[in-house]
Amino acid sequence: MHGSPALPLPLRPSTTLSTPSVSRAATAAPRRTPARRAAVSALLSALLSALFVVLPSPAHASTFSGSLAQAVSAIPDAAETNTGYDRTLFRHWTDANGDCQNTRAEVLISEAEADTALTYTTTSRCTVSTGRWFSYYDRVSWTSAADVDIDHMVPLAEAWGSGANAWTSTRRELFANDLGDYRSLVGVTDNVNQSKGDQDPSTWLPTYDKCRYVAEWVAVKIRWGLTADSAEKSVLNKYASSCSNTVTVTRA
Ligand SMILES: [Ca+2]
Ligand SMILES: [Ca+2]
Ligand SMILES: [Ca+2]
């Protein structure tokens, strides 16, 4: 799924700088009339305004792209403390676009396999009833939505201990209902989600596709600017040394 990061073309230094071929007359500055000065000044001020629109939040629009090892290195190290954690501090599931389908329903709809029609519990189509979903953690498919849990890839308690304790409640809500990156919320077998609980990769990994899981875990930590504790970091590094995955992710 993830392509290799594009390599920038090497910049060639110009070899013609020392041999200007245009005449002095042709390069002489034109006379600066007041009208021209006004136009230049207007252009400069427009450019400056454009810059100020772009500059205030450079960290928020940035994208990370690199090998899994580089991605693991991009996660800051920090001890974790879950003091003060309460699941209710992360409001979910919300219905951010107001179409009556909450975040759980939105994920079920987006992850449903295309060859099986979805059914809903009512004609208003707010709640998904049946379809077909593949849980990659245990490689099992389900047709009843009731068997599928929506896993927070980085559990809420883990997020709290690795940075979300300093967030606003709004940012915590955005994290808990993140539909902006398919890796944040994953439809999986309900029992498997429950066995994972609040654990990070130092104590829990899925049965299958561990490289994919670790790469998605790392992507979500980078996306939300979360830290990793030392036990977690060492497991992530262990997988990074043998998994060929690359990570491309936009910071939230
Ligand atoms: Ca929808
Ligand atoms: Ca919705
Ligand atoms: Ca951790």
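1. Secondary structure. The chain comes to nine helices and seven strands. This is a predicted model. Buried residues account for 27% of the 252 residues. Of the contacts between residues at least 6 apart in sequence, 74% join residues at least 24 apart.

2. Confidence. The mean pLDDT of the chain is 86, and 76% of the residues reach 70 or more. Residues 1-30 have pLDDT below 50, and this stretch makes 10 contacts in the model beyond near neighbours in sequence. Residues 51-59 also have pLDDT below 50; here the model shows one contact beyond near neighbours in sequence.

3. Nonpolar core. The largest nonpolar core has 43 residues. Within this core, A159, V218 and L236 touch the most other members. Helix α8, residues 210-223, gives the largest share, with eight residues.

4. Around L236. Which residues does L236 contact, leaving aside neighbours within four places in sequence? They are V72, P201, V214, V218 and A228. Two positions in this list deserve a second look. V218 is, like L236, among the core members that touch the most others. V214 falls in the range of helix α8, residues 210-223.

5. Strands β5 and β6. Strand β5 spans residues 148-152, and four of its five residues are buried. Its pairing with strand β6, residues 185-189, is antiparallel and runs over five bridges. For a register check, use I150, which stands opposite G187 in β6. As background, strands of a sheet pair through backbone hydrogen bonds, either parallel or antiparallel.

6. Helix α4. The buried residues in α4 include R104, A105, E106, V107 and L108. Charged side-chain types, R104 and E106, are thus on a list with A105, V107 and L108. What covers the buried residues of α4 includes β3, β5 and β6.7. The open sheet. Three strands form an open sheet in the order β2-β3-β4, with antiparallel pairing. Strands β2 and β4 (140-144) stand at the edges, each with a single partner strand, so one side of each has no neighbour in the sheet. Two bridges join β2 and β3 in the antiparallel sense. T119 stands opposite T130 in β3.

8. Cis peptide. Which two residues does a cis peptide bond join? They are H92 and W93, with omega about -10°. W93 sits in the loop between α3 (68-73) and α4 (103-111).

9. Positive phi at R125. Phi of R125 is near 60°, a positive value in a residue other than glycine. R125 belongs to the loop between β2 (119-120) and β3 (128-135). Is R125 buried or partly exposed? R125 is partly exposed, because 16 other C-beta atoms lie within 10 Å.

10. Positive phi at D209. Phi of D209 is near 55°, again a positive value in a residue other than glycine. D209 is in the loop between α7 (190-196) and α8. D209 counts as partly exposed because 15 other C-beta atoms lie within 10 Å.

11. N82. The loop between α3 and α4 holds N82. With 13 C-beta neighbours inside 10 Å, N82 is partly exposed. Not counting residues up to four places away in sequence, N82 touches A157, W160 and G161. How far apart are the C-alpha atoms of N82 and A159? The separation is 9.0 Å, for residues 77 apart along the chain. A159 is also one of the core residues that touch the most other members.

12. R171 and A252. R171 lies in helix α6, residues 169-176. R171 is partly exposed because 15 C-beta neighbours fall inside 10 Å. From R171 to A252 the C-alpha to C-alpha distance is 9.4 Å, while the two are 81 residues apart in sequence.

Conventions. Residues numbered from 1 in each chain as written. Chains lettered and ligands numbered in written order. Predicted model: local features only at pLDDT ≥ 70, side-chain atom pairs only at ≥ 80, totals over all residues. Core = buried A, V, L, I, M, F, W, Y, C linked by C-beta atoms within 7 Å. Buried ≥ 20, exposed ≤ 12 C-beta atoms within 10 Å, placed from the backbone. Contact = placed C-beta atoms within 7 Å. Pairing = 2+ DSSP bridges. pLDDT = per-residue confidence, 0-100.
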